[in-house]
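The following paragraphs lead through one structure, from a whole chain to a single helix and then to the pairing of two chains.

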Number of protein chains: 2
Amino acid sequence: MREHQLIQSFFEKQNIKRPDVILGIGDDAAVVTVPEKQQLVVATDTLVAGVHFPENTSPEDIGYKALAVNLSDLAAMGATPAWASLAITLPNADETWLHAFCQGFFELAAQHNVQLIGGDTTQGPLTVTVSVQGFVPQGEALTRTRAKAGDEIYVTGYLGAAGLALRALSEGRAPSETQTTQLNRPVPRVAAGMALRNIASAAIDISDGLAADLGHIVQQSQVGACITLAALPVSAQLAAAVSPEERIELALHAGDDYELCFTAPLAKREALAKAFADLDCPYCCIGVIYNEAGLRGITPDGETSLIETRGYEHF
Amino acid sequence: MREHQLIQSFFEKQNIKRPDVILGIGDDAAVVTVPEKQQLVVATDTLVAGVHFPENTSPEDIGYKALAVNLSDLAAMGATPAWASLAITLPNADETWLHAFCQGFFELAAQHNVQLIGGDTTQGPLTVTVSVQGFVPQGEALTRTRAKAGDEIYVTGYLGAAGLALRALSEGRAPSETQTTQLNRPVPRVAAGMALRNIASAAIDISDGLAADLGHIVQQSQVGACITLAALPVSAQLAAAVSPEERIELALHAGDDYELCFTAPLAKREALAKAFADLDCPYCCIGVIYNEAGLRGITPDGETSLIETRGYEHF
């Protein structure tokens with residue numbers, strides 16, 4: 001099957017047709033319109049086979065996850081997703097594989113009304129780069145740089161589940177079905193991110209682990225943070241499966257959860273509760289921002305210790 | 001060197017600071033503003049080592065070309081370039097290599113006032129995906145679908161030079177310095193593309209060879225084309241180096257030239273001459289659009305033959 005046919009047979013088959021897409025797939029570039037008074041938010045993330053997902057991950061899950069990690073970046077900015085471009089490098093043009101890949105990609109795209117507007121299909125080692133665009137009202141993007149002393153620190157959902165699956169895989173054991181889903185099908189917190197506009201003072205998505213990602217907020221905001229380690233939210237399943245020490249270790253340092261970590265002033269507590277009331281998204285307070293640099297954790301026995309903020313390193 | 005340091009040491013070192021970039025590299029996503037009454041144009045192209053450039057290509061040339069092929073797509077739309085995202089997958093974090101790569105990338109970016117606003121750095125087989133954004137005034141984007149019978153067909157610059165370099169490489173010979181430059185440092189015809197707004201009826205950049213790319217225009221516009229093979233522009237150097245038959249073959253089917261092929265109604269001849277008068281960009285008429293489907297060439301001895309429009313195929 002030729003590249004042109006591939007594009008027609010798979011990538012042009014999406015059902016979503018947004019009115020702001022003037023020209024989609026099939027020309028040298030796409031043409032779109034950004035609504036007035038909105039800023040454009042652009043994120044790009046690459047998944048490399050064997051690095052970002054195990055080689056035997058199903059193509060459906062790869063398609064889903066390639067888009068999910070990008071939507072998670074938009075969520076962390078408080079942006080409303082709109083369009084995606086897909087640059088896919090494939091060892092060969094396996095139609096069954098591509099069909100499943102597109103199914104995973106388009107399933108998630110449909111949930112967020114995201115239209116695929118272009119990309120590139122090339123031959124080589126399996127690598128998937130997705131670039132997404134979304135909107136925020138002028139000046140309302142959530143960044144990493146405006147956490148202030150006195151702000152409370154929150155996370156959405158539960159931490160460590162993807163890490164538990166990765167640990168099982170690295171030890172040659174099969175993760176449970178739930179764990180595999182949490183690793184391969186992270187739910188980008190898009191609605192939560194949008195709800196946090198004008199509430200959160202800073203936000204980031206947890207891709208490298210809470211410590212590393214909260215570390216980016218405190219460093220880029222030039223503040224410090226103190227978190228209560230026993231308060232880090234994990235699922236009942238995870239709590240039952242590991243020791244209390246492992247539970248904290250996973251919640252702090254395991255990546256790939258794609259929950260949001262955000263800070264908000266005390267004065268916004270009520271607004272926050274209201275904003276999340278209608279969302280199917282748990283959240284909880286895990287600590288506080290203060291002026292002393294660094295990330296500290298209060299251990300279950302009341303001691304305070306400095307937490308290493310180094311996350312996953314490619315090189 | 002850690003990923004974070006890599007980004008700070010290399011990718012954040014660009015001199016260009018556009019006022020429409022509200023938030024650049026260093027957060028979950030970039031935030032930018034699109035000018036009022038302008039549409040956003042988005043293109044994405046991937047270069048895979050050993051497929052899109054020979055493995056021994058200098059990092060400076062890879063950096064240049066990765067951006068150039070994308071700017072060429074914007075040129076084919078008549079768009080003014082603005083921002084770029086860079087997703088680079090590297091076998092290792094070689095600082096000398098990255099320094100040179102950025103030099104090539106930023107050199108071309110500076111020529112077009114393009115700011116790097118984000119991307120992703122990952123570990124794996126060398127692959128470079130660039131996504132670029134630019135603007136066109138509402139409704140003025142050049143597409144492939146509006147060529148009309150009676151329109152004249154033009155190309156910018158000279159064809160076949162990159163193909164001659166590729167042929168030398170595939171035969172184990174070293175191409176001349178000029179040929180290597182034409183292969184590794186194609187000049188994206190950005191100013192020409194912008195000048196063609198409201199003049200060209202259709203446009204495309206020649207990445208897969210004139211026959212394949214003009215083939216896209218005639219197919220997507222549901223017309224046909226007849227071109228005069230002896231009129232296909234090649235450099236004096238190329239004309240001297242090959243037989244008349246090879247000259248036509250290279251001009252028709254060699255890719256990687258990144259010139260523009262466009263169509264324009266007869267009534268626009270004067271406007272076209274005026275628009276190009278101040279540009280340092282040669283152009284010439286090579287044929288005409290008519291209603292009979294397919295691409296035909298008039299040979300130097302006056303015969304007409306159907307031209308194969310199949311271009312480079314990845315799979």
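A residue is called buried when its relative accessible area is under 20%. By that cut-off, 59% of the 315 residues of chain A are buried in this predicted model. The surface that chain A exposes comes to about 12,300 Å², and carbon and sulfur atoms supply 49% of that area.

The overall form of chain A can be checked against a simple rule. A compact globule of 315 residues would have a radius of gyration near 20 Å, and chain A agrees because its own value is 20 Å. Along the principal axes, the C-alpha atoms of chain A fill a box of roughly 65 × 50 × 35 Å.

Within chain A there are ten helices and 13 strands. Among the contacts of chain A with a separation of 6 or more, 84% join residues that are 24 or more positions apart. Chain A also carries 20 positive and 37 negative side chains, and the centres of these two sets are 6 Å apart.

Helix 9 of chain A, residues 244–253, gives a local view of burial: A:Ile248, A:Leu250, A:Ala251 and A:Leu252 are buried there. What lies over the buried residues of helix 9 in chain A? The cover includes helix 4 (161–170), helix 7 (210–221), strand 9 (224–228) and helix 8 (236–241), which also belong to chain A.

The last step is to compare the chains. A turn of 180° with a shift of 0.0 Å along the axis lays chain A on chain B with an RMSD of 0.0 Å. The two copies are therefore related as by a two-fold rotation axis. Both copies use the same surface, as 100% of the contact residues of chain A recur in chain B.

Methods. Residues numbered from 1 in each chain as written. Chains lettered and ligands numbered in written order. Predicted model: local features only at pLDDT ≥ 70, side-chain atom pairs only at ≥ 80, totals over all residues. Heavy atoms only, no water. Helix = DSSP H or I, 4+ residues; strand = E, 2+ residues; numbered from the N terminus. Rg over C-alpha atoms; globule rule 2.2 N^0.38 Å. Buried < 20%, exposed > 50% of the residue type's maximum accessible area, 1.4 Å probe, protein only. Contact = heavy atoms within 4.5 Å. Areas by Shrake-Rupley, 256 points an atom, 1.4 Å probe, with all protein chains shown as cover. Lys, Arg positive; Asp, Glu negative; His and termini not counted. Charge placed at Lys NZ, Arg CZ, Asp CG, Glu CD. Least-squares fit on C-alpha atoms with pLDDT ≥ 70 in both.
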